[in-house]
Amino acid sequence: MIFNQTSMYSFFVILLVFSHLNFEVSSSSIGSRSILRKISDDSVNGEFHDVFVELNDTNFKDVLRETPATFAIVEFFAHWCPACRNYKPHYEKVARIFNGPDAAHPGILLMARVDCASKINAKLCDRFSVDRYPMLLWSRPGTFASTAAWDGNDGDIMSIKDGRTADRLLNWINKKMNSSYGFDDNKYEHEHLQSKTLVPEQIAQAVYDIEEATSSAFDIIMRHKMIKTVTKASLVRFLQLIAAHHPSRRCRKGSAEILVNFDDLYPPEIMADNKENGISENATKILGSFQICGKDVPRGYWMFCRGSRNDTRGFSCGLWVLLHSLSVKVENGESHTAFTTICEFIHNFFICEECREHFFDMCSRVDSPLNSTRDFALWLWDVHNQVNERLSKEEAALETGDPNYPKMIWPPKQLCPSCHLSQKGDSSSQVNWDKEEVFKFLASYYGKTLLSAYKDKDLLRHDEVQNSHAEEQMEATNPMVVSIGAALALAVASAAFGALTCYWRSQQKSRKYRHLHSLKNI
């Protein structure tokens, strides 16, 4: 068989085109489906975006472990299924009650979906014995995350068989939770809830509010360009404090990451030449891209710190809980340093001017070091009661307070009877406190009880998390697999080209020798 030069190059071009097409088709197969699904999803409710959470095999465990919600519903569906497409608006309608920043009842029920038609989710759907579309399962988020295989029988995980319309699904949820949620519930409607502040276990929800407050505080600092030469040191010290003692592991990790990169973004020599303007625009942008408490925070809503109106509680409540938590977590040897760090942070970065001045004034009155955790925790407790007493008078006069969460002496007698020896009036100064009992209460309430729900979710073994991540990465990174396939195709084409080149050269050489031999015979 003889190849001429033109046919050889044609063959090589065909091989390259084939390998390129193979790469393009393979790498876009999953991406194109997700793009089409996104277009379809966005068009269902016009201008509305989906509020349910799209899960897949790579994020399933992490999202369900970290959600603040008490319960979860997961819909297993297939994007090609007409019944699933028709059911989506019903599921979306219910999800809007519980999911997203405009939800009437956030943090109670996470509503999520898994597309079983996507190859990446094949093992995930097998794990939950998916045998029909759509299929709805109910459980606690941690149970979903830790389940290795579900046999299809109701137990810790339940199948919702009567939820084919929005009304029927919400009715099933209300029966299961003994609740009365409705489609017309207002965003800040709390009349049917018992005051969270009087139920000790409810403080466990506040760990998510602390994450929200930490992220919001950092965002405010970035947005208002508050890092100056004179404020840099106080921010670094506060980041060091929360990197060591923040109740949330995610926030500790994020704070440490910011500290590691801080001097690179904010070098002293540049600040010396730019005292007034502070950190540069580019550094602000880069520093602001760090997500101090993880990629899912801020979530856009509050749980324990949620008021009955949009303008009450929220951020200030979350910040107070964070400070109390820090006060009971620091060691005796670092308590006064923590005290000065918090005072300086509030003075430099709390944007409410009057609040900042009042707080710093109380800091300035401390005339001796707070050398123990007890001294620091009790000082902050006393300051908080003074702030509440001042604000309650102003809010009563102006009718600006939250009627469902009025400022009160803390802790109230319902929460800590042993803290109250006697009481002559409504102010903290008129209560005869047993301060040893108060400190015990603070240490338990803002320590062990606060972290109870968060720590329960962390009981899942670390090595299981690492192993699952390794497996998920192998299955999830289809572009990587595709790149290897494309590389192999190119290698084959190159080898073929090399072989053809060698063959062509040998033929040419053979022809040359035959030609020379024929000349000798002339």
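Visitor: What makes the largest pocket a pocket, and how much space lies in it?

Guide: About 1200 Å³ of space lies in the largest pocket of this predicted model. A pocket is an open set of points, whereas a cavity is a set from which a 1.4 Å probe cannot get out. This space counts as open, so pocket is the word for it.

Visitor: Which residues are closest to the centre of the largest pocket?

Guide: The lining has 45 residues, and Ser316, Cys317, Trp320, Leu391 and Lys407 are the closest to the centre. Helix 12 (315-329) is among the helices that each supply at least two lining residues, and the largest share, 8 residues, comes from helix 12. Others that supply at least two include helix 7 (206-223) and helix 15 (373-398).

Visitor: Helix 15 brings me to Asn388, which has its place there. Why is Asn388 called buried?

Guide: Buried means under 20% relative accessible area. Asn388 has 11% relative accessibility, so it counts as buried. Leaving aside neighbours within four places in sequence, Asn388 is in contact with Lys407 and Met408. Across the protein, 44% of the 522 residues count as buried.

Visitor: How many cavities of 30 Å³ or more does the structure hold, and what makes such a space a cavity?

Guide: The structure holds 1 cavity of that kind. A 1.4 Å probe fits inside a cavity but cannot get out, which means the space is closed to the probe. About 90 Å³ of space lies in the largest cavity. Its lining has 13 residues, with Thr214, Ala217, Phe218, Phe238 and Phe345 nearest the centre. Helix 7 gives the most to this lining, with 5 residues, while helix 8 (232-245) and helix 12 each supply at least two.

Visitor: Let us turn to the sheet. What makes strand 1 and strand 5 edge strands?

Guide: The sheet is open and has 5 strands in the order 1-3-2-4-5, with mixed pairing. Strand 1 (53-55) and strand 5 (158-160) each have a single partner strand, so one side of each is left without a neighbour in the sheet. Neighbouring strands are turned by 30 degrees against each other on average, direction ignored.

Visitor: How do you know that strand 2 pairs with strand 3 and with strand 4?

Guide: Two strands pair if there are at least two bridges between them. Strand 2 (residues 71-77) is joined to strand 4 (residues 135-139) by 5 bridges, and these two run antiparallel. Strand 2 is joined to strand 3 by 7 bridges, and that pair runs parallel. Both counts reach the cut-off, so both count as pairs. As examples, Phe76 has Met135 of strand 4 as its bridge partner, and Val74 has Ala112 of strand 3.

Visitor: Why is strand 2 called mostly covered?

Guide: Of its 7 residues, 7 are buried. Buried means under 20% relative accessible area, so each of these residues falls below that cut-off. In a regular strand the side chains alternate between the two faces of the sheet. Here Phe71, Ile73, Glu75 and Phe77 are buried on one side, and Ala72, Val74 and Phe76 on the other.

Visitor: Which helices lie across strand 2?

Guide: Helix 3 (residues 82-98) lies across strand 2, strand 3 (109-115) and strand 4, at about 155 degrees to strand 3. Helix 6 (residues 166-177) lies across strand 2, strand 3, strand 4 and strand 5, at about 20 degrees to strand 4.

Terms used. Residues are numbered from 1 along each chain as its sequence is written. This is a predicted model: local features need pLDDT of at least 70, side-chain atom pairs count only at pLDDT 80 or more; totals for chains, interfaces and linings use all residues. Side-chain values use heavy atoms; hydrogens and water are left out. Buried means under 20% relative accessible area, exposed over 50%, partly exposed in between (1.4 Å probe, protein chains only). Helices (H or I, at least four residues) and strands (E, at least two) are DSSP runs, numbered from the N terminus. Axes are lines fitted to C-alpha atoms, for helices over the stretch in contact, and angles run from 0 to 180 degrees between N-to-C directions. Contact means heavy atoms within 4.5 Å. On a 1 Å grid over the protein atoms alone, a cavity is a set of points where a 1.4 Å probe fits but cannot get out, and a pocket is an open set with protein on both sides within 12 Å along at least five of seven lines; lining residues have an atom within 4 Å of a point. Grid points are joined across faces, edges and corners, and a volume is the space filled by probe spheres set on the points.
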